[in-house]
Amino acid sequence: MSINTLENELSELSDRFRGYYPVVIDVETAGFNSQTDALLEIAAVTLKMDNSGWLLPDESIFFNVKPFAGANLEKAALEFTGIDPFHPLREDVDEGDALTEIFKMVRAGMKATGCKRAILVGHNATFDHNFVMAAAERAKIKRNPFHPFSTFDTSALAALVYGQTVLKKACDMAEIEFSTKEAHNAEYDTRKTAELFCRIINRWKTLGGWPLPERTEPNDESDTGGT
């Protein structure tokens with residue numbers, strides 16, 4: 001790849017989302033309350049743009065996470081995900097260590113692409129965002145690259161494009177292979193959410209919605225109603 005091509009690729013990603021660097025994240029938890037319930041799994045997939053402007057999955061990372069001290073573990077949530085937080089072969093890490101490694105990967109991607117801030121992409125993204133922010137606060141991580149409240153939600157985007165909000169149904173409509181046996185695993189769901197987000201963004205480009213047409217500045221006469 002030439003230097004000119006590389007520069008074009010990087011500038012296109014930084015321009016596409018107003019300087020935001022999209023990172024797909026999914027979490028599996030021991031309940032719905034980000035302040036009290038344990039974070040048990042987290043995965044992240046960064047995205048890149050090729051020199052033709054197509055969005056693609058890039059790097060990925062995954063961690064099994066130890067419940068933080070005093071964390072609530074809802075029995076129904078554990079039964080739903082099938083996660084045993086205390087399995088001896090789980091190879092889990094503290095939530096602070098997991099986020100530190102994820103944030104390191106994200107900051108490297110931001111620097112490489114010239115983006116100013118990361119933005120979380122998720123399926124029902126507010127849920128994932130709340131758990132990431134709560135865990136970062138508990139771990140006292142000061143350099144959190146993610147926007148404090150904005151997200152890109154593939155559930156809403158899929159409803160617009162495919163008329164579906166459930167991840168599996170949206171992937172089916174987008175012709176993305178999806179296994180119900182592997183679902184509700186953070187690593188798998190993140191990968192599928194990344195594919196879905198890229199499919200939606202690229203479809204918008206295929207339909208002519210991006211790049212935007214250049215706007216012509218009105219002249220002084222049109223501004224004042226002159227002839």
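**View 1. Aromatic pairs around helix 4.** Two rings of Phe, Tyr or Trp (for Trp, the six-membered ring) make a pair if their centres lie within 6.5 Å; planes under 30 degrees apart make it stacked, over 60 edge-to-face, and anything else tilted. Counted this way, there are seven aromatic pairs. One of them joins Phe32 and Phe127, an edge-to-face pair with 6.3 Å from centre to centre and 70° between the planes. Phe32 sits in the loop between strand 1 and strand 2 (39–49) while Phe127 belongs to helix 4, so this pair ties together parts that are 95 residues apart in sequence. (Helices and strands here are DSSP runs numbered from the N terminus: H or I over at least four residues for a helix, E over at least two for a strand.) Phe127 also pairs with Phe131: the ring centres are 4.9 Å apart and the planes meet at 45°, so this one is tilted. Both of these residues, Phe127 and Phe131, are in helix 4, four residues apart, or about one turn of the helix.

A quick word on the model before the next views: it is predicted, so local features need pLDDT of at least 70 and side-chain atom pairs count only at pLDDT 80 or more, while totals for chains, interfaces and linings use all residues. Residues are numbered from 1 along each chain as its sequence is written, and side-chain values use heavy atoms, with hydrogens and water left out.

**View 2. How much of these three Phe residues shows?** Take buried as under 20% relative accessible area, exposed as over 50%, and partly exposed as what falls in between (1.4 Å probe, protein chains only). Phe32 is exposed at 76%. Phe127 comes out partly exposed at 26%, and Phe131 is buried, with 0% relative accessible area.

**View 3. The largest pocket.** A pocket is an open set of points on a 1 Å grid over the protein atoms alone, with protein on both sides within 12 Å along at least five of seven lines; a cavity is a set where a 1.4 Å probe fits but cannot get out, and lining residues have an atom within 4 Å of a point. The largest pocket has a volume of about 600 Å³. Its lining has 25 residues, and the closest to the centre are Glu28, Phe80, Phe127, His184 and Asp189. Volume here is the space filled by probe spheres set on the grid points, which are joined across faces, edges and corners. At least two lining residues come from each of strand 1 (20–29), helix 2 (75–81), helix 4 (125–138), helix 6 (167–173) and helix 7 (186–206). The lining splits into 10 nonpolar, eight polar and seven charged residues, where Ala, Val, Leu, Ile, Met, Phe, Trp, Tyr, Cys and Pro go down as nonpolar, Asp, Glu, Lys and Arg as charged, and the others, including Gly, as polar.

**View 4. The second largest pocket.** This one has a volume of about 200 Å³. Lining it are Arg16, Phe17, Leu157, Leu160, Val161, Ile200, Ile201, Arg203, Trp204 and Leu207. Helix 5 (154–162) and helix 7 are the elements that give two or more residues to this lining, and helix 7 gives the most, with four. By class, the second lining has eight nonpolar, no polar and two charged residues. Phe17 turns up again in an aromatic cluster with Phe152 and Phe197.

**View 5. Charges over Trp rings.** A charge sits over a ring when NZ of Lys or CZ of Arg is within 6 Å of the ring centre and within 35 degrees of the ring normal. Arg16 has its charged end over the ring of Trp210, 4.0 Å from the centre. Over the face of Trp54 you'll find Lys205, 5.0 Å from the ring centre.

**View 6. Salt bridges between and within helices.** The rule asks for a side-chain nitrogen of Lys or Arg within 4 Å of a carboxyl oxygen of Asp or Glu, and it gives five salt bridges. Among them is Glu95 with Arg138, at 2.7 Å from N to O. Glu95 is in helix 3 (residues 95–113) and Arg138 in helix 4, so the pair ties together parts that are 43 residues apart in sequence. Glu95 is buried at 7%, whereas Arg138 is partly exposed at 26%. Lys104 and Glu101 form another, at 3.5 Å, and both lie in helix 3, three residues apart. In helix 6, with their positions four residues apart in sequence, Lys168 and Asp172 meet at 2.8 Å.
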